[in-house]
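Visitor: I should like to take a close look at a single part of this model. Please keep the account formal and state the criteria behind each term.

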Amino acid sequence: MRRKGVALVTGAGGDIGRAEAVALARHQKMDIAVVYRSNLQDAETTATACRGAGVRAHAFGADLRESAAVQGLVDQVHESMGPISVLVNNAGAMGAAFNSTLVEMEPEIWREMIETHLTSSFLCIKYCAPDMIGAGWGRIVNTSSIHGRTGGRATLGAYGAAKAGIEALTKTAARELGAHGITSNCIAPGFVGTARLKSYMSEERIAQLSQQIPIGRIASPEEVASVVAFLASDEAAYVNGAVVDVNGGRTEYL
Ligand SMILES: NC(=O)c1ccc[n+]([C@@H]2O[C@H](COP(=O)([O-])OP(=O)(O)OC[C@H]3O[C@@H](n4cnc5c(N)ncnc54)[C@H](OP(=O)(O)O)[C@@H]3O)[C@@H](O)[C@H]2O)c1
């Protein structure tokens, strides 16, 4: 059974990360380390919402592309809040500004996608797992996407490659850490109605895409978060190395 610990949620100032942090606070009664890169105000909003569920929650800033920054973050969380037992890797660059065909893509865009999604997930696992190994219990939940499942559609090559890499990383973590009572799984959402998505996709386009989804609409952040809360629970003890689709039944994206 779970030892008391802290859930570290990256990108937790964004809508999906916030919903995940709040779900872990409400349903798993976990203390929450709210990790952000640049937007302290959004991170504080998340921490306040988590504290409303009666748990401890604090915001921590770090650029997760950098090994020393992640090590410093994990040390700081451990010292100020206690051992980390749940890691939710949710952070990563998003938005139409990163869309480009492979021929036209600037190498900086490729690097930003790979580093903010994939490298950050690796570094967080590397530095958080020792706490979980010490406790003999842990939960790691990574974030892929429908583009990781199907291969990024045209102009999303870097994003799709980063997300497919996260799925492979998840399976290796499951194999290496399973014997320590640590499960590693991955969610693969389809469209989620976040502020970020709505900043570059019109309501008309969202309505059009919704017709291609068997459930007939895009997901809410809370519908993604409830899957993460389950994967982080004791009840999910035998789910390890899985990629869980949260896409309303839409399985291809051309
Ligand atoms: N929205 C969707 O439809 C959808 C679908 C499938 C998968 N996803 C995945 O879900 C996750 C969250 O998406 P979202 O829509 O909630 O996006 P979002 O609002 O843009 O949140 C992403 C967060 O990542 C953080 N971040 C980016 N680069 C970072 C870095 N180098 N170091 C630390 N933090 C960094 C940002 O923090 P700051 O704001 O503080 O800089 C931001 O809060 C992403 O992994 C995304 O790929 C989303």
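Which strands does helix 9 lie across, and at about what angle does helix 9 run to strand 6?

Guide: This is a predicted model, in which local features need pLDDT of at least 70 and side-chain atom pairs count only at pLDDT 80 or more, while totals for chains, interfaces and linings use all residues. Residues are numbered from 1 along each chain as its sequence is written.

Helix 9 (residues 221-231) lies across strand 4, strand 5, strand 6 and strand 7, and runs at about 165 degrees to strand 6. Helices (H or I, at least four residues) and strands (E, at least two) are DSSP runs, numbered from the N terminus. Angles run from 0 to 180 degrees between N-to-C directions, and axes are lines fitted to C-alpha atoms, for helices over the stretch in contact. A contact requires that the C-beta atoms of two residues, placed from the backbone, lie within 7 Å.

The strands beneath this description belong to an open sheet of seven, with parallel pairing and the order 3-2-1-4-5-6-7; two strands pair if DSSP finds at least two bridges between them. Strand 3 (57-61) and strand 7 (243-246) are the edge strands, each pairing on one side only. From one strand to the next, the twist averages 20 degrees. Strand 5 (residues 138-143) pairs with strand 6 (residues 182-189) in the parallel sense over six bridges, and Val141 has Asn185 in strand 6 as its bridge partner.

Another helix that lies across strands of the sheet is helix 3 (residues 67-81): it covers strand 1 (6-10), strand 2 (31-36), strand 3 and strand 4 (84-89), and runs at about 155 degrees to strand 3.

Helix packing can be described in turn. Helix 4 and helix 6 (residues 157-177) pack with their axes 8 Å apart, at an angle of about 15 degrees. These two helices are therefore roughly parallel to each other, a term for angles under 35 degrees, with over 145 counted as roughly antiparallel, 65 to 115 as roughly perpendicular and the rest as oblique. The contact of helix 4 with helix 6 has 16 nonpolar, three polar and one charged residues. Here Ala, Val, Leu, Ile, Met, Phe, Trp, Tyr, Cys and Pro count as nonpolar, Asp, Glu, Lys and Arg as charged, and the others, Gly among them, as polar.

The axes of helix 1 and helix 2 (residues 40-51) come within 9 Å and cross at roughly 20 degrees. That makes helix 1 roughly parallel to helix 2.
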